[in-house]
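Visitor: I'd like to go through this one by asking where the labels come from. Can you take me round?

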Protein chains: 2
Amino acid sequence: MNVTIKDVAQRAHVAPSTVSRVIADNPRISKETKERVFKAMEELGYYPNAIARSLASKMTYTIGLIMPRSAEDAFSNPFFPEVMRGISVVAHNEKYDLLISTSGNEEEEKQAVIDMVKGRRVDGIVLLCSRTTDELIPWLREEKFPFTVIGKPLDSKGVCWVDNDNIGASRLATNYLIKHGHREIAFISGSLEFVVSLDRLDGYKLALEENNIPFDKELVAQDEFSEDGGYNAMMRILKQKKPTAVVVTDDIMSFGVIRAAIDYGLKVPQDVSLIGFNNIPLSAYANPPLTTIDISTFDLGVKSAELLLKNIKNKDFVADHIIVPVKLIERKSCIKR
Amino acid sequence: MNVTIKDVAQRAHVAPSTVSRVIADNPRISKETKERVFKAMEELGYYPNAIARSLASKMTYTIGLIMPRSAEDAFSNPFFPEVMRGISVVAHNEKYDLLISTSGNEEEEKQAVIDMVKGRRVDGIVLLCSRTTDELIPWLREEKFPFTVIGKPLDSKGVCWVDNDNIGASRLATNYLIKHGHREIAFISGSLEFVVSLDRLDGYKLALEENNIPFDKELVAQDEFSEDGGYNAMMRILKQKKPTAVVVTDDIMSFGVIRAAIDYGLKVPQDVSLIGFNNIPLSAYANPPLTTIDISTFDLGVKSAELLLKNIKNKDFVADHIIVPVKLIERKSCIKR
DNA sequence: CACCTTAGTGAAACCGATTGCAATTACTTA
DNA sequence: TAAGTAATTGCAATCGGTTTCACTAAGGTG
């Protein structure tokens, strides 16, 4: 068997409780005893059992990450790795680990959260997914379990969340196109089931309104967050209208939009300008390099983790939220007309 | 406090051990008792505590993932998310979770592994990193702890690993260029500290040899696995030689190589052809679209996880390895001359 | 000098499960 | 009818720690 705290205690001629206190660096233990215990630990090659420790102390020093839908989707969109990167940097600094549970569907996702929370496997949770239909948020709130959400939830009362100003960002993007002389501007997003899509649609409408451009729902389409999704959405629009520019709320989708335009005999940006969202690494190298809204994905991860840790440490931490700024990155996919 | 197995036992008028057996679906418990216990669990909203369970059963149902270097680097290279995707799909199917520990440097990395293993936090480990200097592998082998490595380790005796045939893949890439009439072929890779770089260099040399092309070390350069790394390496080569083609062992680096060529007044592929490695999503959309070696990154993850789980379940599973096939993806970055 | 702190340590309960072994009952079998 | 066996279930030890409370001895106070 492995060497336990009792073995150490025996060797150092102290009680197990004393060894435990030495590990926790309890100030009530004398220097001499500490040294004796450390020596014994060293000699025996002792290493504390994290599981046993968690059981007794009810702390796990790990934070749970819930990826949206299937893991397959999640990792193929660079948004998620990037936000994970932010989270893991903070977690690592604070000596927390990440427990990732991947789920196939909404039902499994809920189960995964329950497993983590009720199974006491994590000290807190970051939700990477806020669908409008999310039952998770009310549940977690009711359980009084620490969690933060990336993406403002529909009902944000009493929950910690981190997000961009999506309405503002979309308005910024649309206004940019309008200032470039476009008036027939299409808007392509993911499913309106997501709050983010809703908000960006609002921002788009707002910009049109400010410039007295009538809203035309034939210029708007939703589809999956994927290259194909972008392609299909653009194709549907092109069958009805001839926009001179398009706002696409995801860079990956933008690639599909470009492909659709080309298949339709249109050149980007000569015939149709295009502004994306997220500024994924790919965007800079695309053809043409994509003008896009940088949403500071990394920071989204960082802030969500920071907020969560605050929440974990302060029992009675109040609900809070953080708005992460966006930035328009000008490249070559938009022209004046 | 939370409802425990004892509460359930009391309510169902049985002993805690019986409840435990019901949870484990032990066939020696009668149907009636099972039903009674299930009912009690239902009524009390009982949920087993995973930590306590792990402590007693010594199983965690989670597998540890060690990311290379800082998490920052790890997630910014699409290779890692993709292999994680493979791992998490398998893990999810087998009801395992993923515990990710990110480390800043080699020392921390080792500590992270020790934490996981000695802390009994995981049932097995997937190493995403095989430096030639790795001390981790001998250590894990000695501890008899289940683990698999992605990337063939230098000393592969008694370890489970998954990899491509890197020598063959590199030879394939090089021969492709040779068949296209190139003879001044440069080779750019990451640090030779990595086994993979070493192997690919060997494949490159092999192809040259087969075609009676002398090896010229001025055509070879190593640098970081990044866009800048590729740029710098290519610049160093261009200062000495004028290759008509180059093998780059990482697509991200390829982008830097392209940029360097352009800065040097060279066109790709007109002046210099280029073949990459990894077939990251970016490659298809690059300018020009990158001809590259697809290494089935996803499968690398899948196979490594499968191998690990076999190892966890079969106490005396023999060391094994799996070679994942590669495929040359022809696009537009190479021309005949 | 009697009493009160204070520092340092140990004993034992507890965290929430699992599991080997014993015990009980009912049923065979010789 | 005594004894062996199979089917169920309970007891209690165990996993490896943490933490409350009590206790001892030393030093401080009036």
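Guide: Sure, what follows is a run of questions about labels and the values behind them. This is a predicted model, where local features need pLDDT of at least 70, side-chain atom pairs count only at pLDDT 80 or more, and totals for chains, interfaces and linings use all residues. Residues are numbered from 1 along each chain as its sequence is written, while chains are lettered from A and ligands numbered from 1 in the order in which they are written.

Visitor: Why is A:Ala245 called buried?

Guide: Buried means 20 or more other C-beta atoms within 10 Å of a residue's own, exposed means 12 or fewer, and partly exposed is in between, with C-beta atoms placed from the backbone. A:Ala245 has 24 such neighbours, so it counts as buried. The residue lies in strand β8 (residues 245-248) of chain A; strands here are DSSP runs of E with at least two residues, helices are runs of H or I with at least four, and both are numbered from the N terminus.

Visitor: What is A:Ala245 in contact with, beyond its neighbours within four places in sequence?

Guide: Contact means that two C-beta atoms, placed from the backbone, lie within 7 Å. For A:Ala245 the partners include A:Leu177, A:His182 and A:Val272.

Visitor: What makes B:His13 exposed or buried?

Guide: B:His13 has 11 C-beta neighbours inside 10 Å, so it is exposed. B:His13 lies in the loop between α1 (5-12) and α2 of chain B, and has a positive phi of about 60° although it is not a glycine. B:Asn212 has a positive phi too, near 55°, and is exposed because 7 other C-beta atoms lie within 10 Å.

Visitor: Why remark on a positive phi?

Guide: Because most residues other than glycine have a negative phi, and most peptide bonds are trans. On that second point, the bond from A:Val268 to A:Pro269 is cis, with omega near 5°. A:Pro269 sits in the loop between α12 (251-263) and β9 (273-277) of chain A. In chain B, the bond from B:Val268 to B:Pro269 is cis as well, with omega near 5°.

Visitor: How do you know what span to expect for helix α9 of chain A?

Guide: The expected span is 1.5 Å times one less than the number of residues. Helix α9 (residues 166-179) has 14 residues and should therefore span 20 Å; its end C-alpha atoms are 20 Å apart, so the two agree. Just after α9(A), A:Gly181 takes a positive phi of about 95°.

Visitor: Which residues come nearest to DNA strand C?

Guide: B:Thr4, B:Ser17, B:Ser20, B:Ala52 and B:Ala56, out of 28 residues around the strand. Near means a C-beta atom, placed from the backbone, within 6 Å of the molecule or strand. That surface divides into 15 nonpolar, ten polar and three charged residues. Ala, Val, Leu, Ile, Met, Phe, Trp, Tyr, Cys and Pro count as nonpolar, Asp, Glu, Lys and Arg as charged, and the others, Gly among them, as polar.

Visitor: How many residues does each chain bring to the contact between chains A and B?

Guide: 37 from chain A and 37 from chain B. On the chain A side, α6(A) gives the largest share, seven residues. By class, that side has 20 nonpolar, ten polar and seven charged residues.
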